[in-house]
Amino acid sequence: MRMSRRSLLAAGTAAAALTPLPAGAAERAGNPGPRLRTGFERLAGGGYSQLGGGRVGVVTNPTGVTRDVRHIVDVMHADDDVHLAAVFGPEHGFRGTAQAGGSEGRYDDPATGLPVYDTYLKSGQALADIFTASGVDTVVFDIQDVGARFYTYIWTLYDCMEAAQLAGKRFVVLDRPNPVTGRSAQGPVLHKEFATFVGRQPIAQAHGMTVAELARLFNGEFLAAPVELDTVLMSGWRRGEFYDTSGLPWVPPSPNMPTADTALVYSGTCLFEGTNLSEGRGTTRPFELLGAEGVDGRWAAAAGELGLPGAHFREAYFAPTFSKFQGKTIGGVQIHVHDRAAYDPVRTAVALLVTAKKAWSGFAWRSDNWIDKLTGSTLVRTMIDAGAGTGEIVAAWQDELEAFRTVRRHYLIYK
């Protein structure tokens, strides 16, 4: 990974986005009081001046809301200060009607009459052609991320940036908090030969960045040619803050991300998608509940004996309503995070994989080695199969993680 001279241009863009709003502009956003203000609040408060006029298209989903839970598309559509001409929906769709691995397709939004274009699994020239066909001049991105490399919305961001450059469109990112803080990056770094839609580029499994910071990183390090990028930053956000300090409503970014607590564990326990155990889909606590038929209390006991910081492990039994083990009562563990500042989601998940393999004779990886796509290489799978312990596995990715952290520092905006 290189530190590109393009980062200097990105830094200038970030500085411009921090320029104070004109007097009285906060009131225009509808809520002048909160300390933290999102990128959209600052954009609307400034009369959308950073969009520079012209026709605007928005890449968003149900998380693109104001703090009084009005969708930004509805707000912008009703405002004469901006010409909103199109909406672009990612995985799960613009209005969020599709489950994992689905989208809403092309349709006209009943509420606004705006054309909605499907971006899911589209990239490169095919996506650029959609931007061109929409007739927009500027593409705006506003989606709540959860801080994990394999959460697909950040790769929707990447793909849309690349496509906007190919189509000759401006690209504007409206920032929102990283709900699990931006304190540090954790976990293995993707190897390029394992690039998929759950990881296009070599970043850490828990990246510790906001979407505006990631956009700067993508533009400076990974895009073949940089897009004309602007970022509208938050004001009042601090890197060490969890989502519940923001004062913002939590809207599930996807059907299996119901709470900010889910996001806290997700960057680790999503790895169980690469096994034959349930990752808790089909329950009210996805990614906190893990289990399978034949698992008993020995797994929770083994995990508890490790003394992992910040979490307790409860023997749990549950019956998923869909996905793995649908309608069957299975055994496993529930993760109870009691000290989120000390909790390391990636290390914890690796420890749970190691102990699951030892405690349950039925443990197996998915036959397509999906675990390698999630972790970004063969390292985790092969070391667990060889009997390595958690500390040894975590130590094996530290050099690559430190290299990523070095590059990451150049793109961080907030303190």
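**Exercise 1. Work out whether Y266 is buried or exposed in this predicted model, then find its ring partner and say what the pair links.**

Start with accessibility. Y266 has a relative accessible area of 6%. The cut-off for buried is under 20%, so Y266 counts as buried.

Next, look for the partner. Y266 pairs up with Y151, with 5.4 Å centre to centre and 75° between the planes. Edge-to-face needs planes over 60 degrees apart, so that's the label this pair gets.

Now place the two rings. Y151 sits in the loop between β5 (138–142) and α6 (153–167), while Y266 belongs to helix α8, so the pair ties together parts that are 115 residues apart in sequence.

Check Y151 as well: its relative accessibility is 5%, so it's buried too.

Finally, widen the view. Y151 and Y266 belong to one aromatic cluster, along with F150, Y153 and F287.

**Exercise 2. Count the aromatic pairs in the whole structure, and classify the one formed by F40 and Y48.**

A search of the whole structure turns up 16 aromatic pairs. For F40 and Y48, the ring centres are 6.3 Å apart and the planes meet at 55°, so call this pair tilted. Both F40 and Y48 are buried.

While you're on rings, have a look at Y117: R106 lies over its face, 4.8 Å from the ring centre.

**Exercise 3. Find which residues touch the most other members of the largest nonpolar core, and trace the contacts of L157.**

The largest nonpolar core has 110 residues, and L157 and F171 are the ones touching the most other members. As for where the members come from, α6 gives the largest share, with 10 residues.

Now take L157 and skip its neighbours within four places in sequence. What's left is F141, F171, V173, V211, L214, A215 and F218.

Several of those names come up again in helix α7, residues 211–222, so turn there next. How many of its residues are buried? The count is 12 of 12. V211, L214, A215 and F218 are among the buried ones, and so are E213, R216, N219 and E221.

To finish, note that a separate core of 21 residues lies apart from the largest one, with V73, F94, V116 and V172 among its members.

**Exercise 4. Locate G236, decide how exposed it is, and list what it touches.**

First the location: G236 is in the loop between β9 (228–232) and α8 (260–269). Its relative accessibility is 31%, so it counts as partly exposed.

Then the contacts. Ignoring residues up to four places away in sequence, G236 touches R35, L36 and E241.

For a sense of distance, compare it with L166: the two are 70 residues apart along the chain, and their C-alpha atoms are 34 Å apart.

**Exercise 5. Explain why the phi angles of V69 and S323 deserve a second look, and say where these residues lie.**

Start with the general rule: most residues other than glycine have a negative phi.

V69 isn't a glycine, yet its phi is positive, at about 55°. You'll find V69 in the loop between β1 (55–60) and α4 (72–77).

S323 also has a positive phi without being a glycine, this time about 70°. S323 lies in the loop between β11 (311–318) and β12 (330–337). With a relative accessible area of 36%, S323 is partly exposed.

Conventions: Residues are numbered from 1 along each chain as its sequence is written. This is a predicted model: local features need pLDDT of at least 70, side-chain atom pairs count only at pLDDT 80 or more; totals for chains, interfaces and linings use all residues. Side-chain values use heavy atoms; hydrogens and water are left out. Helices (H or I, at least four residues) and strands (E, at least two) are DSSP runs, numbered from the N terminus. Buried means under 20% relative accessible area, exposed over 50%, partly exposed in between (1.4 Å probe, protein chains only). Contact means heavy atoms within 4.5 Å. Rings of Phe, Tyr and Trp (its six-membered ring) pair if their centres lie within 6.5 Å; planes under 30 degrees apart count as stacked, over 60 as edge-to-face and the rest as tilted. A charge sits over a ring if NZ of Lys or CZ of Arg is within 6 Å of the ring centre and within 35 degrees of the ring normal. A nonpolar core is a set of buried Ala, Val, Leu, Ile, Met, Phe, Trp, Tyr and Cys residues joined through side-chain atoms within 4.5 Å.
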